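Below are my notes on the model you sent. They are set out as numbered points, to be read with the structure open.

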Amino acid sequence: MIDQTPAWQVVKDHAETLKRHHLRELFAAETDRQPRFTRRAAGLTLDLSKQRWSAETLAYLLALAEAAEVPDAIRRLLDGERVNVSEDRPALHTALRLPADASLVVEGEDLVPGVHRTLDRMATMVERFHAGQWRGATGKAITDVVNLGVGGSDLGPVMVTHALADYRPREVHPVEVHFASTMDGSQLADYLGRLSPETTLFVLSSKSFTTIDTLSNASTARDWLMARLGGEEGVDAELVMRQHFIGVSASPGKMAEWGIAEAHQLEFWEWVGGRYSLWGAIGLPIALVVGMEHFRALLAGAHAMDVHFREAPLADNLPVLLALAGIWNVNFLDIRAHSILPYDGRLEYFAAYLEQLEMESNGKSVAHDGREVGYATCPVLWGQLGPNAQHAFYQLLHQGTQAVECDFIAPLRRYDDVEDAATRTHLKGQHRLTLANCFAQSRVLMLGDDAIPDDGPRPGHKRYRGNQPSTTLLLDALTPATLGALIALYEHKVFVQATVWGINPFDQWGVELGKKIAGETQRILESHQGVEAMDASTRALIEAAWAAEEETRA
C-alpha cells in the first residue's frame, strides 16, 4: 500500500517538521509564495498559497504522486481502460464531453458517435419544448417539466440549472423545470397541488430504472395524470404515457416495460456513474433551462479541463495540485473536515453536489486488493454559501477546536450585462462587497490575530489562532464553460486522490447495501412477518410504526 512506500515516509517525516510552523511564518519565509502556488487553466485560477505547506512539501507530494503512478492512471482513465476495478468496466464520463470530431475507441467501438446521437436527440426534444410544440394529451403545450431522480440524477441537474439560470434563452416558449427526489412524496405532492396535468411532463431519470425513490414518485405522477386526464374525450392511457413522460436510463427495456414510448427514451451507458452523469442525457433538465447552445458550452468547458488534466505536467496540473493539497491535510496534518464555501448565490447547491461526488466516490476503506487501508481517505465534506455561512458556522472555523480545510470559490466578474446603469453600479458594488468578504475570511483563517490592526492586548475570547488552511478558486466569470471546467476539476481531483489512496472511486457498495436492507425492512413493514429476526432497536421501531397504522385505522 502507498503508506508503506519510501515516498510516503518522506512526506510523513517532513510533516513532523512543518507542523511546528504557522502559516504566517511560511508567508514571511517565501516572498514569492503566491505566484509559486498559483496556477491557471480553462478560465479558473487556483491559489494554493494559503495551504500549510512549503515548496519542499509540494516537491515531496509530487514525488508521492509519481510513486502512486498518477500519470499512468490519468492516461488509463481518459483512454477508456477498465479503471472501475470492482465492476470491471471503464469510467467514461469524460467521453460525454468529447467534441463531435473526436474519436475514442474503447474495446473496438468508437463511443463518440453514440454520445452525439444522444445529444442530437436531446437537442430535438429541447427545440420542441422551446417552440411550444411538445403538447400534452389534450393538445395544450407543455409548460412545466418535473424531473424525477435521486442522487446524481438530481443533484447535478439541480446544481447546474440554478448556477446557470442567467443563461435562460429569451424569446422561447416558457418551460419551468422542477425537481422531486424525496421518496416520501413531499416535494412531488407540492407540485401536483399547483401544476396543471394538461401541461405537465415528467422526466424519469434512473440509470438502472429500478431506483425505488424515483419509481415511487413516477407511479404517483402516472396515477395523478391518469385520474385527471383519463376521462377527457379522445384521451387514452397510451396517449397520456406518450405525451407526458420522458425516460432517461441505461435500461431501455425497463423503460419500455414501464410504459415510456421508445421515441421518448434517452440513453446513457453503464460506463457512466450516476454522480458523473449530468454531461449526457441526465442533463436534459439543464438543456431545457439554458438551451442546447449553453449546454454544449458546459461540455466544452469540462473538456478543456480534461485536456489540461491529460497534458499538463503534475506540477502545473490543477486537479493534481488540488488533490495533493487534500491528501496533505487529511493524511499528514490530520485535518478530517473540508468545507466548500462559494461566494456567489448561483452556486448555492455546489457544496451539496460535491458532498456526493467526493464522499460517495472516496468514502472507502478497502484498497483494490481487498485489504483495509491503514490511513484516512475522504474527509467529511460540507458547506454553504459563504456569506450565509459567515453568520452560521464560521465561528467554529475561526475559534473552534476542530481544524478545517476550506475552499473559497468566487467569480471575479459579475453583472456586466445588466442594462440599467444605476442598477448595474449598485449590483457591482454588492459584488465587490462579496469578494471583500471572501478574501478577508481566508486571510483571517490564515493569519489569525495578525490580520487585525494592533489595538492592544485582547482577552482570550477575542483571540484568533489562524493557521487554518484554505484554497481560493477564482472563476473569470460564472459561465457555462467555466462551470463545466470547475465541475471537471473536482471530478479529476477525486480520481487523483483515489489513485494515491489505492481505492476505487467509481463504485458505491455501501449505498447498494443500504438499498438492499431498506427493501427487506419494507417487506417486513408491509407483511408483518419476519420482525423477530430484527435487533431489539429496529424491532421496536417497526412495532411503533405498526401501532401508528393501527391508531390511524381506528
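**Notes on the predicted model**

1. E107 sits in the loop that joins β3 (105-106) to β4 (109-110). The model is a predicted one, and the backbone at this residue deserves a look: phi of E107 is near 50°, a positive value in a residue other than glycine. E107 counts as exposed, because its relative accessibility is 57% and the cut-off for exposed is over 50%.

2. N467 also has a positive phi, of about 65°, although N467 is not a glycine. Its place is the loop between α18 (421-447) and β13 (470-477). Is N467 buried or exposed? N467 counts as buried, at 15% relative accessibility. When checking the two positive phi values, keep the settings in mind: E107 is exposed, whereas N467 is buried.

3. The UniProt annotation "active site", from an unreviewed entry, covers E360, H391 and K515. These residues are spread over 156 residues of sequence, and they are also spread in space, with up to 36.6 Å between C-alpha atoms. The lining of the largest pocket includes E360 and K515 out of this set. Anyone setting up a calculation from the annotation should have that spread of up to 36.6 Å in view.

4. Where does H391 lie? H391 is in the loop between α16 (386-389) and α17 (394-399). With a relative accessible area of 72%, H391 is exposed. K515, by contrast, is found in a helix, α20 (residues 509-527). K515 has a relative accessible area of 46% and is therefore classed as partly exposed.

5. How many disulfides does the structure hold? The count is 0. For C406, the closest cysteine sulfur is that of C438, and the separation of 11 Å is too far for a bond. Looked at from C438, the closest cysteine sulfur is in C406, again 11 Å away and too far for a bond. The reasoning needs one cut-off: a disulfide requires the two sulfur atoms to be within 2.5 Å, so C406 and C438 do not form one.

6. The accessibility of these two cysteines can be given briefly. C406 counts as buried, at 0% relative accessibility. C438 counts as buried too, at 1%.

7. On helix packing, the pair to inspect is α15 (residues 350-362) and α19 (residues 480-501), which pack at an angle of about 25° with their axes 10 Å apart. Why are the two helices called roughly parallel? Angles under 35 degrees count as roughly parallel, and the angle of about 25° between α15 and α19 therefore puts the pair in that class. The crossing of α15 and α19 is right-handed.

8. A131 is in the loop between α6 (112-130) and β5 (144-148). At 46% relative accessibility, A131 counts as partly exposed. If A131 is to be paired with D236 in any distance analysis, the C-alpha atoms of the two residues are 25 Å apart in space, and the residues are 105 apart in sequence.

Conventions. Residues are numbered from 1 along each chain as its sequence is written. This is a predicted model: local features need pLDDT of at least 70, side-chain atom pairs count only at pLDDT 80 or more; totals for chains, interfaces and linings use all residues. Side-chain values use heavy atoms; hydrogens and water are left out. UniProt positions are given in the numbering used here, feature names are shortened, and annotations may be inferred rather than shown by experiment. On a 1 Å grid over the protein atoms alone, a cavity is a set of points where a 1.4 Å probe fits but cannot get out, and a pocket is an open set with protein on both sides within 12 Å along at least five of seven lines; lining residues have an atom within 4 Å of a point. Helices (H or I, at least four residues) and strands (E, at least two) are DSSP runs, numbered from the N terminus. Buried means under 20% relative accessible area, exposed over 50%, partly exposed in between (1.4 Å probe, protein chains only). Axes are lines fitted to C-alpha atoms, for helices over the stretch in contact, and angles run from 0 to 180 degrees between N-to-C directions. Angles under 35 degrees count as roughly parallel, over 145 as roughly antiparallel, 65 to 115 as roughly perpendicular and the rest as oblique. A crossing is left-handed if the near helix is turned anticlockwise from the far one by less than a right angle, and right-handed if clockwise.
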